[in-house]
Amino acid sequence: MTTDEAIALIEAAGDPRALFGSDSSRAYRRLARLTHPDNNPGDHRASSAFAKLAALWQRHTCEPGQCAARGDMANFYLTRRGLRKLARDPADNDLMNREAEALTRLRRGGDKRYLAYVPHLVETERHQDPRSGVKRRANVIGRLDGFYNLAEVHAAFPDGVDPKDAAWMWRRLLVAVGFAHRAGLIHAAVLPEHVMIHPADHGLVLVDWCYTVSEHACPIPAVPGRYRAWYPPEVLTRQVAGPDLDIYLATRCMTYLIGNKTPAPLASFAAGCVLRNPRWRPKDAWQLLSELDELLERLYGPRKFRAFAMPA
Amino acid sequence: MGSGRWSTDVYTAAARFRAATGASAFAYSDGGARRVHPALDPHGVDIRESRDSAEHPQSLAIAVLFDVTGSMGSVPRTLQAKLPQLLGLLLRKGYAKDPQILFGGIGDATCDRAPLQIGQFESDNRMDDDLSRILLEGGGGGQKTESYELAMYFMTRHTSIDCHEKRGRRGYLFLIGDEMAYPRIKRAEARRLIGDKLEADIRLEHITAALKQKWDAYYILPEGAYYQGDTEVLDFWHARFGQNVIELADLDAVCETIALIIGLGEDAISLDDGLADLADVGSVAGPVVSKALATIGAGRGELIISPAPADLDGPSGNIRL
């Protein structure tokens, strides 16, 4: 294709879908390259075609979406395909990459039976603001309709959630964490906003995999500032993270949720998960789950389904 | 540093001048130098900067550091001869508008005269001066390890680059070599070679993680280098750089490979288009580059040009560790 042909195509185009076809980003890049003002200095026809091209491309790709939530580092925008998560500070792009890598790794290498415990990565995108040139990574995450995070549950039950109800959340949270560990990943930010539950279905999804590290090595890159005090000291000073960190934080989530309603045996179970010395803490979430099951059975008898609902 | 626009003619002129005076492109090494050239000595350097300027409003930091030890055979000399082409190639292809390139050399801190040599970010033929000042060692250890960790440490802690600080776009770092890094940044070496007083040794993993926040880092393993094809070295870098490890079958294609990686990263071009470009100009490098970059183009996600949402403001709530 020549520059003239590209200009003619763009000038004639009305519907972006017809112009860009199936391999849209490639078609766009090709047209952009041919008509780019740098390559056609002084050619007004080329530069207006380039401007029209940019507008068409924007219509084609960009559904800005409504801001549905502001997280610690990212905003979430509702789109037809899912929630588009964009880091406010582009310096956090590396964390978005981490999340995409982790979710891909879990989906490819993780035990398929537990995929429901992690969000679905619909797509990864890269956004560039035309004025500032700032680039941001975006992860489009499947929507979790009907879910609440544990901070919302805590707010709904300020006096504490009945431990009999919290039991299924605790059990499932250990499954989610154990699933990640089996796949070689440490979530490293198991915090109330990152644990989503579906009250009626007793569903649980561990979200926000931006802080994830692989099991062997690697310091954790960052912690959400608000939750700094939740982390055990050695993580902040030596930056190390092992499976015990996820169990530690999961335990804190649960004691935060149950609050004063925590019966003594459950409280000492929790205390045994958040010991000061990391070497003393449990590292195997699956084994811990069987310990928890034994304890719950001793406390409340055989497991049976208890309906749970958020207050209206 | 970093001001001035490269003109390919200046390099040609400089090369002609050298030919006339009989100096080679490796004047410094061939002149019998035995120490790091003062301009490249990292000791006491606070930061190497890549800055925006009126002339270069969208500076893009690019660093190419190569192993200068004996295990690499004739590779360093070939690189010294080829790399001056890089800037021109980037500009000609439109892969980057305001590239600023830093060259450096990596040796072995346990036995070499020049374990670390680091030039400045330059956007004109001064980078060529840096390149010609790099001391080629010919030493190196035979333990399959060189001090790449010191180079990564320096690039992490002692560079300041506007593309990242102002625009959130990482610079590009290319390490070219054939061996593994040492597992730790040793306190004594950091002090002796860079002048840093560390409290303790730093684990390599800490530095590679921090490095990747600022740099899109690649490891290029050229064929013809001593350990080429050795999976131990390859596995070592794969574990740290993932898909950003490139086996390069023909060193003549080194500039094309680096340029195309940058073009892909900057979304100036797709891999297919880039390879087509190479074919258009009659380059025989196409198949080599194609093979080397087979994994890079995949899974990068689509670039969407659109104004950032107005409410996407405010700081990150994260604390970086």
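Trainee: What makes strand E11 of chain A and E14(B) a pair of strands?

Mentor: Count the bridges. This is a predicted model. In it, three bridges join E11 (residues 222–224) of chain A to E14(B). Pairing asks for at least two bridges, so the two strands qualify. They run antiparallel.

Trainee: Which residue stands opposite A:Val223?

Mentor: B:Ile319, which lies in E14(B).

Trainee: How do you know that chain B meets chain A over more than this strand pair? Which elements of chain B supply residues?

Mentor: Start with the contacts: 40 residues of chain B are in contact with 59 residues of chain A. The area buried between the two chains is about 4,300 Å². Carbon and sulfur atoms give 47% of that area. The rule also finds 15 residue pairs in polar contact across this interface. On chain B's side, helix H9 (204–214), helix H12 (271–280), strand E13 (302–305) and strand E14 (318–320) each supply at least two residues. By class, that side has 16 charged, 13 nonpolar and eleven polar residues.

Trainee: Why is the pair A:Asp94 and B:Arg320 called a salt bridge?

Mentor: Set the distance against the cut-off. The closest N and O atoms are 2.9 Å apart. The limit is 4 Å between a side-chain nitrogen of Lys or Arg and a carboxyl oxygen of Asp or Glu, so the pair passes. Across the interface of chain B and chain A, the rule finds two salt bridges.

Trainee: And over the whole structure, how many salt bridges are there?

Mentor: The search finds 30 over all chains. One pair within chain A is A:Arg281 and A:Asp244, with the closest N and O atoms 3.0 Å apart.

Trainee: Why does that pair tie together separate parts of chain A?

Mentor: Look at where each residue sits. A:Arg281 is in the loop between helix H10 (264–271) and helix H11 (285–300), and A:Asp244 is in helix H9 (residues 243–258), so the pair links parts 37 residues apart in sequence.

Trainee: What makes E6 and E9 of chain A edge strands?

Mentor: Each pairs on one side only. The open sheet has three strands in the order E6-E8-E9, with antiparallel pairing.

Trainee: How do you know that E6(A) pairs with E8(A)?

Mentor: Two bridges join E6(A) and strand E8 (residues 195–198). At least two are needed, so the count meets the rule. A:Tyr148 stands opposite A:Ile197 in E8(A).

Trainee: Which helix lies across E8 and E9 of chain A?

Mentor: Helix H7 (residues 163–182) of chain A, which runs at about 40 degrees to E9(A).

Note on methods: Residues numbered from 1 in each chain as written. Chains lettered and ligands numbered in written order. Predicted model: local features only at pLDDT ≥ 70, side-chain atom pairs only at ≥ 80, totals over all residues. Heavy atoms only, no water. Contact = heavy atoms within 4.5 Å. Buried area = accessible area lost by both parts, 1.4 Å probe. Polar contact = N/O pair within 3.5 Å; in protein donor to acceptor, adjacent residues only side chain to side chain. Helix = DSSP H or I, 4+ residues; strand = E, 2+ residues; numbered from the N terminus. Nonpolar A, V, L, I, M, F, W, Y, C, P; charged D, E, K, R; others polar. Axes fitted to C-alpha atoms, helices over the stretch in contact; angles between N-to-C directions.
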